[in-house]
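Visitor: Hi, can you walk me through this one? I'd like to start with a small detail and work outwards.

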Amino acid sequence: MLTYWAEHAWLPGGPAAAVAIDVAGGRITAITAGAERRGEILRGITLPGFANTHSHAFHRALRGRTHGGTGTFWTWREGMYRLAARLEPDSYYRLARGVYAEMALAGITCVGEFHYLHHAPGGRPYADPNAMGEALIQAAADAGIRITLLDTLYLAGGFDRGLEPGQRRFGDGSLEAWLGRVEKLKAPPHTVIGGAVHSVRAVPEEAMAAFACSTEGRPVHVHLSEQRAENAACRAAHGCSPTELLERCGLLGPDLTAVHATHLAGHDIELLRGSRTTVSLCPTTERDLADGLGPAHALAEVGVRLSLGTDSNAIVDMFEEARAVEMHERLVSEERGRFDVETLLDAMTRHDSLGWADAGAIEVGARADFATASLTTARTAGIDPSGVLYAATAADLTDVVVDGRRIVKAGRHTAIDAGAELGAAIEELWA
């Protein structure tokens, strides 16, 4: 048994001082507030470990190379395809290892990796058809975080269109081939194997309905209404919104997380609420790609569960993602306090949408996942601990614990030099 003593800790009832957290077998066995100092010391405020519910690890190699350009999501996508064509299992492993170490430094203890980079350029399967997915699983293990591999079904380049050349390595050709490949994936203890539909434009309706029947009980994610053009094309092809099409296919439900949900219309919000579907907001990516502002407050107001993702990894900072949800709403509504801090923290820690229902809170029986922010940096000095979500950045995190094991200590990853490894991996890709 190990004890972590937190100067302050955010418990289910709110921040508390001098909290002893006993851990055994990777789980919290006892919590004592007002305890004498003992064990491993966590100075600052200790929060539950963060859940990054939407990531494309390879997009990290675009950071600082695409953000100053003109155009739209669709023009940005062409650059993303060029990057995707350069990756092989070994180079993907090296890149993802650095990306997941960066996430660990940012307090992320579990990542939902929306994985569609399956095959070799041109679409030829590798000798091991899951070599790319296994590279991600190993990279997460090296970084010390859990991963939910959301292996993605990707069959079409649009409604009634085949895959474009840049998309061929994403596709398996059929749902049956996808299922056969995914069944061969092994899930070590730090891994959950989930599924994803890339989008309603990338999977025909019949395949989507069959997918829904084939993935029951797994966490399933889907890009939803990220672009107005997607909505218009869906209406032209199916006479309904993308959300209505998901309902028709039986995909909406408590196991589903809809990513973005930026351009919902009509009774889409009610369909999400009634089905208990979770929504993953990715505000730093959505604003970078000029996607638009989604109805975050309207979703929360009717009880739709919200989570947060770093998506393109242009920024890896869950404090910034959470603040952006509130700040974007302030700009739209011209009112402050649209979300309370508890709701934002809940969105930062929604491990259940990744298949880890036993994580996301500092309480007895939960996984021992913590992220500790210093209260003495230039950004956080003098704040009340309860204001940490509005003051801190990822750079203020000093210690991160996953399943009881400290993987970040004094602001440094215990096993990986994230900056050096990212620099080397990304330089190799662009050489």
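**Hairpins, helices and a pocket**

Guide: Sure, here's one: D403 takes a positive phi near 50 degrees in the hairpin of β14 and β15, which has two residues between the strands. Strands here are DSSP runs (E, at least two residues) and helices are too (H or I, at least four), numbered from the N terminus. This is a predicted model, where local features need pLDDT of at least 70, side-chain atom pairs count only at pLDDT 80 or more, and totals for chains, interfaces and linings use all residues. Residues are numbered from 1 along each chain as its sequence is written, and side-chain values use heavy atoms, with hydrogens and water left out.

Visitor: Ok, how many bridges join β14 to β15?

Guide: Three, and strands β14 (residues 397-402) and β15 (residues 405-409) run antiparallel. Two strands pair if DSSP finds at least two bridges between them. V402 has R405 of β15 as its bridge partner.

Visitor: And which residue in β16 is the bridge partner of V408?

Guide: That's H413. β15 and β16 (residues 412-413) pair in the antiparallel sense over two bridges. They form a hairpin with two residues between them, and A410 in the turn has a positive phi of about 55 degrees.

Visitor: Switching to helices: at what angle do α2 and α14 cross?

Guide: Roughly 145 degrees, with the axes of α2 (residues 89-105) and α14 (residues 418-430) coming within 9 Å. Axes are lines fitted to C-alpha atoms, for helices over the stretch in contact, and angles run from 0 to 180 degrees between N-to-C directions. By class, this contact of α2 with α14 has nine nonpolar, two polar and five charged residues. Nonpolar means Ala, Val, Leu, Ile, Met, Phe, Trp, Tyr, Cys and Pro, charged means Asp, Glu, Lys and Arg, and the others, Gly among them, are polar.

Visitor: What about α2 and α3?

Guide: The axes of α2 and α3 (residues 131-143) come within 8 Å and cross at roughly 35 degrees. Their contact has 14 nonpolar, one polar and two charged residues.

Visitor: Last topic: which residues lie nearest the centre of the largest pocket?

Guide: P48, D346, T349, G360 and A361, out of 16 lining residues. On a 1 Å grid over the protein atoms alone, where a 1.4 Å probe fits, a pocket is an open set of points with protein on both sides within 12 Å along at least five of seven lines, and lining residues have an atom within 4 Å of a point.

Visitor: Which helix gives the largest share of that lining?

Guide: α12, with three residues.
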